[in-house]
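Me: Please take me through the reading of backbone angles and burial, giving the general idea before each case.

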Amino acid sequence: MSQRPGFPVKLAKTGASGPSGKVPSALPVRSVQTPTALAPRVASSVSGLGLDSGAVRARMVRKLAEQGVKDTRVLDAMGVVERHRFVESALVNQAYEDTSLPIGLGQTISKPNVVARMVELLCQDAPGKLGRILEIGTGCGYQAAVLSHVATEVYSIERLRGLHEKARTNLRPFRLHNVHLIFGDGMLGYPKGAPYAGIISAAGGDAVPDTWLDQLAVGGRLIAPTITPAGHQALVVILKTAQGFERQVLEAVHFVPLKSGVA
Ligand code: SAH
């Protein structure tokens, strides 16, 4: 049984029947993420975890659809990945609200709506599953887990060792064999997995590094928060074609900064 914090008992009242089979077979997790004070509550609520969180996720997915997310690959992935397993126990109650949450070391996990929007942009115009994807900024590993359901391989790179390790711990129970976590500076991309069908950055820089453009396959798409000439951060989509790059600037966003080097 999982030692992770259970999903709030009050949510059992939703009454919807989520597939309990989706609870991953859990491996022991590090004690640092399982405060002993929570243990009794965990023990009493863990049996209902799949049902409770499944219903709340289904509600989140309906909301995402109402907000304009259309791609069923993305909605399905958002419905499967247990976001509450990626946040600190004190924040489990907020895991399915449309809000960004702190994940430690001054970083944040994006709102579900922003994750869905970015993954949908990545999938746009690609039939079926995407090929190899590079994610810059693993953070807690949540978005990498979502990506693992829409792509054949996910390479995710993180510059903060503490978060790289946290993501490894968070993802272990899900046994996602197509997710490859790398500790390193994502500004350099990850040449070993290139060329990529898609590159998605969870951190915003002043410009898109040339290495990312080089490592993108022809026909591939890059989604990255970037500072625009107008001086604010916006989502930028770059399509690599045989003739060159097509660039689109979309809505304003607020992502943590893209930094160079590791720490
Ligand atoms: N996708 C993540 C979001 C993490 S926030 C999730 O689902 O949790 C963005 C992350 O980008 C932070 O963890 C930050 O440390 C990381 N980051 C910033 N600059 C980076 C770089 N050059 N290389 C790799 N990761 C970087």
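Reply: Elements are DSSP runs counted from the N terminus, a helix being H or I over at least four residues and a strand E over at least two. The model is predicted, so local features need pLDDT of at least 70 and side-chain atom pairs 80 or more, whereas totals for chains, interfaces and linings use all residues. Residue numbers start from 1 along each chain as its sequence is written, and side-chain values rest on heavy atoms, with hydrogens and water left out.

Me: Where is R175 found, and what is its phi?

Reply: Most residues other than glycine have a negative phi. R175 has a positive phi, near 50°, and belongs to the loop between helix 6 (161-171) and strand 5 (179-183). R175 is partly exposed because its relative accessible area is 43% (buried is under 20%, exposed over 50%, partly exposed in between, with a 1.4 Å probe and protein chains only).

Me: Is L105 buried or exposed?

Reply: L105 counts as exposed because its relative accessibility is 56%. L105 sits in the loop between strand 1 (101-104) and strand 2, and its phi is positive too, near 55°.

Me: Which peptide bond is cis?

Reply: Most peptide bonds are trans. The bond from A194 to P195 is cis, with omega near 0°, and P195 lies in the loop that runs between strand 5 and strand 6 (196-201).

Me: How many disulfides does the structure hold?

Reply: With a disulfide taken as two cysteine sulfur atoms within 2.5 Å, the structure holds zero. C123 is buried because its relative accessibility is 0%, and C140 is buried because its value is 2%.
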